[in-house]
Each structure stands twice: as structure tokens, then as C-alpha cells.
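Let's take a walk through this structure together, one neighbourhood at a time. Keep the sequence and the 3D view open as you read.

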Amino acid sequence: RERVRQLPSPNKKLDAELEEQFSLGIHSEIIDGAIRVESVGDMGRGYVAARDLQPGEPLLFDTAFLAVPVDGPKAMHERMQEKLAKRLTGEARRRSAKIDAQADFFYSVVKDLPLKGNMERGVFNCNSITEEQQEQLMVFSICEGCAMPCTEEPFMALYPAACYFNHSCAPNASTESSRSTLLVRAAQPIAAGEEVFVSYLPTALLDRPLAERRDRLQGGRGFECRCRRCLAGPGEGEGAAAAT
């Protein structure tokens, strides 16, 4: 998008085509080979720096596959699941190439995203519930475990490529996000091979005490935070978004 805007003369047609592609929610791009996904031990998989990174450097562009307002009549994960079900069921897929592409992306990519608390997928294999119910529970867990708060508006969004960033209460990368797109940037120098962390918590909550941050992550994401800042204990680095 930025490259389109930097063209000598405005190109409204190309800009409109880009917006249409972004609205699919299936496009992402690692920028200039900055990062890669690999095994990071107890955290499963995560992004690490593929080379030395500088503060402010863009790392990943992603588009939201699902987004809902923060406040609503039902829990966030229920509203996301209902939105997805409405989008993919019925005759819509047959009539729309856009929805067909989103359905293919769901079954090939989104269904394999991490579950809340890194649960095993086998937990949903139960003879007492239908396959449709199993898929519904799986989508609930993916949305609870992976959706992120938008920084620019009161929405929660599921950015599939960004789901593989692990959390730290002292992240070394920052996010700029709306209900449709997300950009991750390095927040400080990051050496090649070092893991890149973002915060799953809104920025304001990073200044809260250790117990409050951990409670929020345990309840919302299903894990106890063990980032370096949290392991340092109460009073150590509180109120600081320092390096992990």
C-alpha cells in the first residue's frame, strides 16, 4: 500500500484493488525477509529475527480474517464464530469467488492456528458431540487464543500470520492495527536469531502489576505468562516496557 501511495501520480484503481485484496483477510507478508518462524522451545513456534533488526523497522504485514467490536452482546469468540459460520455456510461460497477463497484459507490455514493455552486438538474428538460442534469449539479456542486487540480502534481481530508471535510483557516489537490490517515493527534493536515478541495485552495494561497482567492472560489466553519481566517478580521492571 505504501509503495502504491509513493507512485509519482495517484493510482486509484490499483489502490482499490489492494483494498479489495486486503478485505479478503488472507494476505500477509514478511517484509524484506526480516523474520522467520521456527521452534522456540516450550513456547512451540515463534518468530525470530532472520538478521539484525533496527528500531522502527517493519517486520510483518497481515490482514484480519475476522474482526468484531470489543464490546458486544456475546463473548468475543462467540461473535467471531457466528460471523465466520454466516460467511461460509449456505450458497454464498458457490456464488462468490471471494468467499470461496476465504473458505479455502480457513480450511488450509486458520484451522491449524494455535488453540487457547496451546491445547491439543484431540481434546475436541468426542463421540458425544457432532463434527459441526467440534469445529465450533475449535474456532472458539482459536479466536480466544489468537485474536489481538486493535491499537487504532476498539476491535478485536484475528490476524493469521501474526498468531505466531509469542507474548512478552516487555515486548521488543510493536503493533499498529485496525479491524482490517496489522503492521508489526521492531521496537528496539533485535539481534539475528533472537525471538521477536509482541504484547497480547493493550498497551495500558503493560503498566499494571504482575498479578493483574498474569490474571488477564490466564483468563483470556489460557496461559501463565513466564516472560523475563514476569519471572523477575513483583516490583522488577514494573511499569516498564523494557527488553525481554
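A residue is called exposed when its relative accessible area is over 50%, buried when that area is under 20%, and partly exposed in between. Arg-226 has 55% relative accessibility, so it counts as exposed. Please keep in mind that this is a predicted model.

Let's stay with Arg-226 for a moment. Its side chain meets that of Glu-224 in a salt bridge, with 3.6 Å from N to O. Glu-224 is partly exposed, because its relative accessible area is 43%. As general background, side chains of opposite charge can pair when their charged atoms come close.

How many salt bridges does the structure hold? There are 9 salt bridges, and two others are worth a visit here. One of them joins the side chains of Lys-74 and Glu-82, at 2.5 Å from N to O. Lys-74 is partly exposed because its relative accessibility is 39%, and Glu-82 is likewise partly exposed, with a relative accessible area of 35%.

Another salt bridge brings together the side chains of Arg-179 and Glu-153, with an N to O distance of 2.8 Å. This pair links distant parts of the chain, 26 residues apart. Arg-179 sits in the loop between strand 9 (173-177) and strand 10 (181-186), while Glu-153 is in the loop between strand 6 (148-149) and strand 7 (155-158). With a relative accessible area of 44%, Arg-179 is partly exposed.

Next, the cysteines. How many disulfides does the structure hold? The count is 0. Cys-227 is in no disulfide, and the nearest cysteine sulfur, belonging to Cys-225, is 3.6 Å away. A disulfide needs two cysteine sulfur atoms within 2.5 Å, so a pair at that distance does not qualify. Cys-230 is in no disulfide either; for Cys-230 the nearest cysteine sulfur is again that of Cys-225, at 3.7 Å. Are these two cysteines buried or exposed? Cys-227 has 8% relative accessibility and therefore counts as buried, and Cys-230 is buried too, with a relative accessible area of 2%.

Now turn to the strands. Strands of a sheet pair through backbone hydrogen bonds, either parallel or antiparallel. Here, 3 strands form an open sheet in the order 5-7-6, with antiparallel pairing. Strand 5 (66-69) and strand 6 are the edge strands, each pairing on one side only. Between strand 5 and strand 7, which run antiparallel, there are 4 bridges. To find one residue pair on your screen, look for Leu-66, whose bridge partner in strand 7 is Leu-158. Helix 3 (residues 76-88) packs on this sheet and touches strand 5 and strand 7; the direction of helix 3 makes about 130° with that of strand 5.

Helix 6 (residues 131-146) also belongs in this part of the tour. The 16 residues of helix 6 should span 22 Å at 1.5 Å a residue, and the end C-alpha atoms are 22 Å apart, which agrees. The buried residues of helix 6 include Met-138, Phe-140, Ile-142, Cys-143 and Cys-146. What do the buried residues of helix 6 pack against? Their partners are strand 5, strand 6 and strand 7, together with helix 3, helix 5 and helix 7 (210-221).

Helix 5 (residues 97-108) deserves its own stop, at Gln-102. At 4% relative accessibility, Gln-102 counts as buried. Leaving aside neighbours within four places in sequence, Gln-102 is in contact with Ser-23, Leu-24, Ile-26, Phe-65, Arg-87 and Leu-88.

Our last stop is a hairpin. Strand 2 (35-39) and strand 3 (45-49) run antiparallel and are joined by 5 bridges. Glu-38 has Gly-46 as its bridge partner in strand 3. The hairpin has 5 residues between the strands, and Gly-41 takes a positive phi near 75°.

Met-43 lies in the loop between these two strands. Met-43 counts as partly exposed because its relative accessibility is 38%. Which residues does Met-43 touch, not counting residues up to four places away in sequence? They are Asn-118 and Asn-166. Met-43 and Asn-118 are 75 residues apart in sequence, and their C-alpha atoms are 8.8 Å apart in space.

Notes. Residues are numbered from 1 along each chain as its sequence is written. This is a predicted model: local features need pLDDT of at least 70, side-chain atom pairs count only at pLDDT 80 or more; totals for chains, interfaces and linings use all residues. Side-chain values use heavy atoms; hydrogens and water are left out. Buried means under 20% relative accessible area, exposed over 50%, partly exposed in between (1.4 Å probe, protein chains only). Contact means heavy atoms within 4.5 Å. A salt bridge is a side-chain nitrogen of Lys or Arg within 4 Å of a carboxyl oxygen of Asp or Glu. Two strands pair if DSSP finds at least two bridges between them. Axes are lines fitted to C-alpha atoms, for helices over the stretch in contact, and angles run from 0 to 180 degrees between N-to-C directions. The expected span of a helix is 1.5 Å times one less than its number of residues.
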